[in-house]
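Reader: Before we use any of the labels attached to this model, I would like to see how each one follows from its rule. Could you take me through them?

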Amino acid sequence: MTLFFGTLMLYGLVHHEVGAEGSGGPHIPVGAAHVPASIAQGGPVIDTRSGAARSYDVLPGHVALTFDDGPDPDWTPKVLAQLAADHVPATFFLVGGRAAQQPGLVRAEVAAGDEVGIHTFTHDDLGAAPQWRRNFEYSQTQAVIEAAAGVATPLLRPPYSSEPSALDDLDWAALRDAGAHGYLVVLTNRDSEDWRLPGVARIVSNVVPPAGGNPGLVVMMHDSGGDRSQTVAALGKLIPLLKARGYVFSTVTGAIGAADPLAPASSAQLWRGRVLIGAVQGSDLVIGALGWTIVCAGALSVLRLLLLLATARRHARRRRRPWGPPVREPVSVIVPAYNEEAGIEATIRSLLRNDYPMEVIVVDDGSTDGTAAVAERFALLGVRLVRQQNAGKPAALNTGIAHARGRLLVLLDGDTVFEPDTIRTLVQPFSDPCIGAVSGNAKVGNRDGLLGKWQHIEYVVGFNLDRRFQDMAGCIATVPGAVGAFRREALVDVGGVSEDTLAEDTDLTMALLRAGWRVVYEERAVAWTEAPARLGQLWRQRYRWSYGTMQAMWKHRRTVLMGGGAGRLGRRGLPYLLLFQVLLPLLAPLIDVFALYGLLFGDVARMLAVWLGFLVVQLVASWYAFRLDRERRGVLLTLPLQQFVYRQVMYLVIIQSVVTAILGARLRWQRMERRGMTGVPGAPARQPQTQPGAWE
């Protein structure tokens with residue numbers, strides 16, 4: 001992020017978007033009380049390098065053509081071609097940022113025998129700039145010229161300058177500062193005013209002196225900054241006309257009778273300039289690539305939204321039909337639990353209220369609190385408690401599967417509360433013998449606080465748009481641990497729940513698809529789960545989920561080359577996860593910084609319009625997801641604030657997960673404090689004591 005921010009600021013400096021004190025033009029004149037008369041009435045070349053002020057006139061009959069604001073990839077070559085055709089040298093005052101973008105043109109100018117000078121790095125008004133900024137403008141432009149052409153130059157022309165008589169006190173202070181840095185300042189005594197685009201004839205008349213003498217001329221023209229076709233055309237007329245008057249064309253220093261000022265650059269100077277040129281060109285590439293990436297990402301996001309909405313609508317219509325003959329086969333419900341004292345009672349009670357034949361198995365994975373004692377109180381109601389030493393959630397699930405008697409297994413977390421009809425609804429898809437697993441619809445139970453509301457929005461949108469799309473595409477990647485049903489045969493087929501990843505539910509689901517089993521989504525099977533109540537807990541949970549999902553994607557990467565259900569996972573599910581859960585989130589912080597840059601230095605109205613458009617798209621998608629799930633939509637009022645806090649946290653979690661994966665670090669199971677839930681079916685009326693140490 002730091003590197004990108006620096007790249008972005010460098011890009012803004014080069015393109016005169018940030019940091020320009022005089023970005024709107026020259027400063028307002030403040031008077032010339034301190035400008036010496038010898039300077040104001042003197043020649044166009046001013047030397048204050050020795051501390052004393054001295055000006056130089058151009059030799060009579062000599063003319064020095066000077067060009068500002070370049071180099072330009074379109075117009076500078078045409079100017080050089082015209083000068084070469086007429087065998088005329090010139091002096092080019094370069095903008096450092098543009099020279100860094102076109103170093104080849106700087107080399108061409110020096111190779112043609114022309115002089116080069118400094119016109120600042122960003123075309124900033126030196127009279128209005130502070131001391132540190134002037135130093136920056138001098139040094140960076142000098143570094144670019146040294147690297148581009150291999151020479152150092154003492155020539156400087158301040159932007160927005162003209163004749164010596166136009167100098168005010170601020171300009172004079174800037175000129176003296178330039179002299180203290182070793183620069184010879186070049187102004188003009190003939191401004192062509194080609195920047196006004198007055199027409200070729202007018203440009204020529206602005207330069208050519210009246211008949212009756214050939215005074216020395218320093219002609220100011222421009223080879224960049226806009227359409228310079230009139231400048232090029234005027235050169236074709238001006239040069240022959242002045243030659244016919246007997247003028248001799250020379251560089252600025254030649255016109256005042258001085259020696260060539262360009263000196264070879266040292267090795268250190270060359271490398272410094274090369275680094276700067278590389279940084280400038282790199283910033284152009286990075287920002288240009290990011291611009292196209294944002295366009296592509298925006299287009300992909302819009303297409304994804306349209307696809308999600310269309311498939312969600314179709315999925316909702318399809319689910320109105322029954323799965324097939326009713327399923328009445330008894331099921332085994334397995335609840336792995338570790339330090340779940342705060343919520344395990346509500347979980348068991350909600351299961352016992354289900355109107356479906358079942359056995360309930362609670363696997364206590366070495367809890368250090370009262371989880372086992374709470375579960376034992378339900379023994380008379382048919383709840384079996386299996387104890388084991390702490391071995392992790394996958395091991396607890398496998399233990400429960402081994403003790404289960406049913407062919408259909410329902411797995412849920414120890415903090416989950418089922419609706420009375422959840423189990424019956426969840427197992428109905430098993431009327432199709434090809435279905436190996438069913439994902440239910442998990443909802444956030446503790447949604448009172450702002451963080452809970454944001455997670456509630458995320459769950460509803462995820463299950464009612466993404467999960468429906470994945471179901472239609474045959475590539476559901478995750479049957480959530482909170483509410484899922486499995487066919488025992490399918491679990492045996494894949495060797496049970498693997499401990500290879502930290503996202504055991506995603507790994508198991510992908511393994512089932514890889515083995516040829518169908519995985520479907522039943523949105524009417526509702527379960528309430530406890531979400532993290534604090535930001536730190538949320539970070540740890542999502543960090544594990546993201547890292548575990550990446551592990552599972554890597555583990556099952558070979559499905560890309562396989563057929564059937566495995567191929568649907570490899571060629572649909574994995575690219576979808578990679579693109580929208582890994583790659584685009586990685587870009588999101590860069591896009592946010594880019595947007596902030598636009599708000600500070602660019603078109604604020606356009607950036608706000610883009611952000612509002614993005615927010616409207618989010619609201620539309622979320623509103624439709626809530627409508628499908630028959631949820632109250634008032635919570636969507638918190639969505640704008642979610643974009644500033646929650647969204648950034650999720651993106652940073654993805655970045656940390658990717659870095660962890662790249663470094664090959666091992667991430668252990670995290671723990672989350674359980675507080676229990678109120679206000680959902682089966683939840684206790686009181687708020688239990690906090691119980692630290694539960695699984696996430």
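## Labels and their grounds

Author: Pro-71 sits in the loop between β3 and α3 (75–85), and the peptide bond that leads into Pro-71 from Gly-70 is cis, with omega near 0 degrees. The model is predicted, so local features need pLDDT of at least 70 and side-chain atom pairs count only at pLDDT 80 or more, whereas totals for chains, interfaces and linings use all residues. Residues are numbered from 1 along each chain as its sequence is written, and side-chain values use heavy atoms, with hydrogens and water left out.

Reader: What makes β3 a strand, the place of Asp-69?

Author: Strands are DSSP runs of E with at least two residues, while helices are runs of H or I with at least four, both numbered from the N terminus; β3 spans 62–70, and Asp-69 is placed in that strand. Phi of Asp-69 is near 80 degrees, a positive value in a residue other than glycine.

Reader: Why is Asp-69 called buried, and what is Leu-599 called?

Author: Buried means under 20% relative accessible area, exposed over 50%, and partly exposed in between, with a 1.4 Å probe and protein chains only. Asp-69 has 10% relative accessibility and therefore counts as buried, whereas Leu-599, in helix α20, has 34% and is therefore partly exposed. Thr-120, in the loop between β5 (115–118) and α6 (131–149), has 0% and is therefore buried; its phi is near 70 degrees, again a positive value in a residue other than glycine.

Reader: What makes Leu-596, Leu-599, Leu-600, Phe-601, Val-604 and Leu-608 a nonpolar patch?

Author: A patch takes residues with over 30% relative accessible area and no salt bridge, joining nonpolar side chains (Val, Leu, Ile, Met, Phe, Trp, Tyr) within 5 Å and like charges within 9 Å; a salt bridge is a side-chain nitrogen of Lys or Arg within 4 Å of a carboxyl oxygen of Asp or Glu. At 34%, Leu-599 is over the 30% bound, and the six residues have about 510 Å² of accessible area together, by the Shrake-Rupley method with a 1.4 Å probe and only the protein chains shown as cover. Helices α20 (564–601) and α21 (604–628) each supply at least two of the residues, and α20 gives the most, with 4.

Reader: How do you know what counts as a cavity and what as a pocket?

Author: On a 1 Å grid over the protein atoms alone, a cavity is a set of points where a 1.4 Å probe fits but cannot get out, a pocket is an open set with protein on both sides within 12 Å along at least five of seven lines, and lining residues have an atom within 4 Å of a point. By this rule there are 2 cavities of 30 Å³ or more. The largest cavity holds about 100 Å³, and its lining of 14 residues has Leu-397, Leu-411, Gly-481, Glu-504 and Asp-505 closest to the centre. Of the helices, α18 (504–514) and α14 (393–403) each supply at least two lining residues, with α18 giving the most, 3.

Reader: What is the volume of the second largest pocket?

Author: The second largest pocket has about 590 Å³, where volume is the space filled by probe spheres set on grid points joined across faces, edges and corners. Its lining has 29 residues, with Pro-26, Pro-159, Tyr-160, Ser-161 and Ser-162 nearest the centre, and α7 (169–180) gives the most, with 3 residues.
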